[in-house]
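Please take a moment to bring up the sequence and the 3D view side by side. We will walk through the fold together, beginning with a hollow inside it and working outward from there.

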Amino acid sequence: MEEKVHQEPADLIATIPWGAHCCHFYKTQKDLLEMLVPYMRAGLLNNEFCIWVTSKRLDVKDAARALKRVLPRLDSYIGRGQIEIVPYTRWYLADGAFETSRVLNGWIKKCDEALARGYDGLRLTGDTLWLKKPTWRDFADYEAALDRTTSKARIKAICTYALEKCQAAEVIDVVKNHGYTLIKRGDWELIENAQRKRAEEEALEKAMAELEKLVQARTAELQDANRKLLLEIAERKRVEEQLRVSQEQLRALAAYLQSVREEERTRIARELHDEVGQALTGIKLSLERSTGQQSDAVRADLSQALALTNELIGRVRDLSLDLRPAMLDDLGLLAALSWHFDRYTKQTSIEVDFKRHGLEGRRFEPEIETAAYRIMQEGLTNVARHAGIDKVSVGIWADENMLCIRIEDLGRGFGPDSLTASTTAGLSGMRERAFMLGGRLIIECASGTGTLLIAELPLRNSTSEQ
């Protein structure tokens with residue numbers, strides 16, 4: 001065996017290519033989950049069909065519970081059949097005994113079905129804690145056959161072995177029948193099969209010999225190329241530094257423009273409410289006084305003018321509220337959101353299931369309240385435009401350090417091909433608002449499975465309302 005790489009589990013599984021057949025030696029359930037949970041999560045997020053065959057130490061419920069901690073929407077993946085979590089008795093011992101051809105053909109069939117359903121391939125794992133001594137040789141032959149099969153198919157496989165069940169001879173059998181070995185010795189290690197490694201080294205030695213000849217023939221040319229490369233690197237660094245400064249300036253400008261925009265929204269909203277609204281109200285009162293003093297023909301015209309004035313007053317009020325609701329500044333985030341949800345439901349007929357924690361009696365910095373309100377507003381606008389649902393779940397939580405927004409729907413969802421200019425502009429605007437405050441915006445979505453939006457905004461200061 002040849003040591004290949006030391007990494008974190010999530011990084012290790014990301015490097016496993018199609019055709020990889022790995023063995024994983026573990027001591028505890030924690031070691032087992034530390035590798036398999038990120039392994040399965042990566043498969044689901046990368047459009048792969050996943051099968052997890054559990055054993056005595058980790059049953060189906062334990063595996064699903066652990067995976068759900070890092071993938072809250074696991075039920076939706078199970079519901080559409082992208083993952084199967086099955087006990088060893090249903091897979092390896094389906095007929096009461098282990099049979100190589102049945103199990104091997106089962107993997108091949110599952111891979112073919114996955115490709116036919118549009119998945120990129122099959123990602124599998126199976127535990128061997130159930131193995132008994134009489135079955136060991138048959139299972140070793142099966143592993144050798146599986147290694148040959150995976151190397152030619154769209155399959156990634158990790159076979160897990162409990163170290164306590166393996167003697168030296170068994171370890172040798174396992175390692176020999178797998179292209180890679182995953183083991184934890186302080187850090188996680190990915191170890192490649194020595195035979196394959198030797199073939200790579202021989203090819204590398206041959207390539208190095210040819211390269212040495214080429215280097216000797218073109219030394220002067222390469223030295224000149226190196227000088228040019230160094231100049232290019234220096235120029236690239238200079239350009240990158242200029243780009244970094246420009247990006248910082250653009251973000252500062254964007255933050256300034258955002259602030260100016262909000263101030264202008266507030267000013268226009270107040271002018272609409274205070275000046276235009278009051279003027280229209282005055283016209284309305286004059287029309288109402290004049291109506292009773294005129295002839296029937298004139299009264300009809302005045303009634304029509306009064307109706308148009310009332311409609312115009314409503315439109316001005318709506319414009320003022322859309323620009324910036326006064327209660328966001330006067331009463332705070334919770335009051336503004338509660339008002340917005342009621343108005344949103346009346347306008348769109350979409351019910352808002354609102355949950356919150358840590359907001360009652362608190363005010364946050366104006367830029368935090370504005371960003372949270374605008375992100376929530378834009379997120380719900382996207383739901384109304386694209387989700388095609390009649391209910392959306394909304395949550396907002398705050399502690400001493402963070403304000404978190406969560407919007408989840410079970411609507412149409414969207415993929416990269418369905419994004420429009422208005423959609424990407426809205427998402428970019430929300431992401432920019434969060435970034436300017438040192439936060440982040442996370443979106444999980446796929447066509448047909450709904451959308452989950454999470455925004456996290458760091459808090460520097462908040463006060464209790466008096």
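A cavity here is a set of grid points where a 1.4 Å probe fits but cannot get out, and a residue belongs to the lining if it has an atom within 4 Å of such a point. Keep in mind that what you are looking at is a predicted model.

By that rule, the protein holds three cavities of 30 Å³ or more. Let's visit the second largest cavity, which encloses about 50 Å³ of space. Its lining is made up of Leu32, Leu36, Trp52, Val53, Thr54, Ser55, Arg57, Leu58, Thr125, Gly126, Asp127 and Thr160. Helix H2 (29-45), strand S3 and strand S5 are the elements that give two or more residues to this lining. Sorted by class, the lining has five nonpolar, five polar and two charged residues.

One of those lining residues, Gly126, deserves a closer look. You will find Gly126 in strand S5. Is Gly126 buried or exposed? With a relative accessibility of 2%, Gly126 counts as buried, because the cut-off for that class is under 20%. Setting aside neighbours within four places in sequence, Gly126 touches Val53, Tyr92, Ile158, Cys159 and Thr160. Val53 and Thr160 also appear in the cavity lining. If you trace the backbone instead, the C-alpha atoms of Gly126 and Val86 are 9.5 Å apart, although 40 residues separate the two along the chain.

From strand S5 it is a natural step to helix H6, since the buried residues of that helix pack against S5. Their other packing partners are strand S3 (49-54), strand S4 (83-87), helix H5 (88-91), helix H7 (133-150) and strand S6 (155-162). Helix H6 covers residues 100-116, and its 17 residues should span 24 Å at 1.5 Å a residue; the end C-alpha atoms are indeed 24 Å apart, which agrees.

Which residues of H6 are buried? They are Val103, Leu104, Gly106, Trp107, Lys110, Cys111 and Ala114. Looking down the axis of H6, you will see these buried residues fall within an arc of 150 degrees, so they line one face of the helix. The spacing makes sense once you recall that an α-helix has 3.6 residues a turn, so residues three or four places apart point the same way. On the face of H6 turned away from the buried side sit the exposed residues Lys109 and Ala116. After H6 comes Gly118, whose phi is positive, near 95 degrees.

Two more stops lie further along the chain. Arg362 is in strand S10 (residues 362-364), and at 18% relative accessibility Arg362 counts as buried, because the limit is under 20%. The C-alpha atoms of Arg362 and Leu331 are separated by 9.9 Å, with their positions 31 residues apart along the chain. Asn382 belongs to helix H14 (residues 366-387) and is also buried, with a relative accessible area of 12%. Beyond its neighbours within four places in sequence, Asn382 is in contact with Ala387, Leu427 and Met430.

Finally, zoom out to the whole protein. There are 15 helices and 15 strands, and 40% of the 466 residues count as buried. Among contacts between residues at least 6 apart in sequence, 75% join residues at least 24 apart.

Note on methods: Residues are numbered from 1 along each chain as its sequence is written. This is a predicted model: local features need pLDDT of at least 70, side-chain atom pairs count only at pLDDT 80 or more; totals for chains, interfaces and linings use all residues. Side-chain values use heavy atoms; hydrogens and water are left out. Helices (H or I, at least four residues) and strands (E, at least two) are DSSP runs, numbered from the N terminus. Buried means under 20% relative accessible area, exposed over 50%, partly exposed in between (1.4 Å probe, protein chains only). Contact means heavy atoms within 4.5 Å. The expected span of a helix is 1.5 Å times one less than its number of residues. The arc is that of the directions from the helix axis to the C-beta atoms. On a 1 Å grid over the protein atoms alone, a cavity is a set of points where a 1.4 Å probe fits but cannot get out, and a pocket is an open set with protein on both sides within 12 Å along at least five of seven lines; lining residues have an atom within 4 Å of a point. Grid points are joined across faces, edges and corners, and a volume is the space filled by probe spheres set on the points. Ala, Val, Leu, Ile, Met, Phe, Trp, Tyr, Cys and Pro count as nonpolar, Asp, Glu, Lys and Arg as charged, and the others, Gly among them, as polar.
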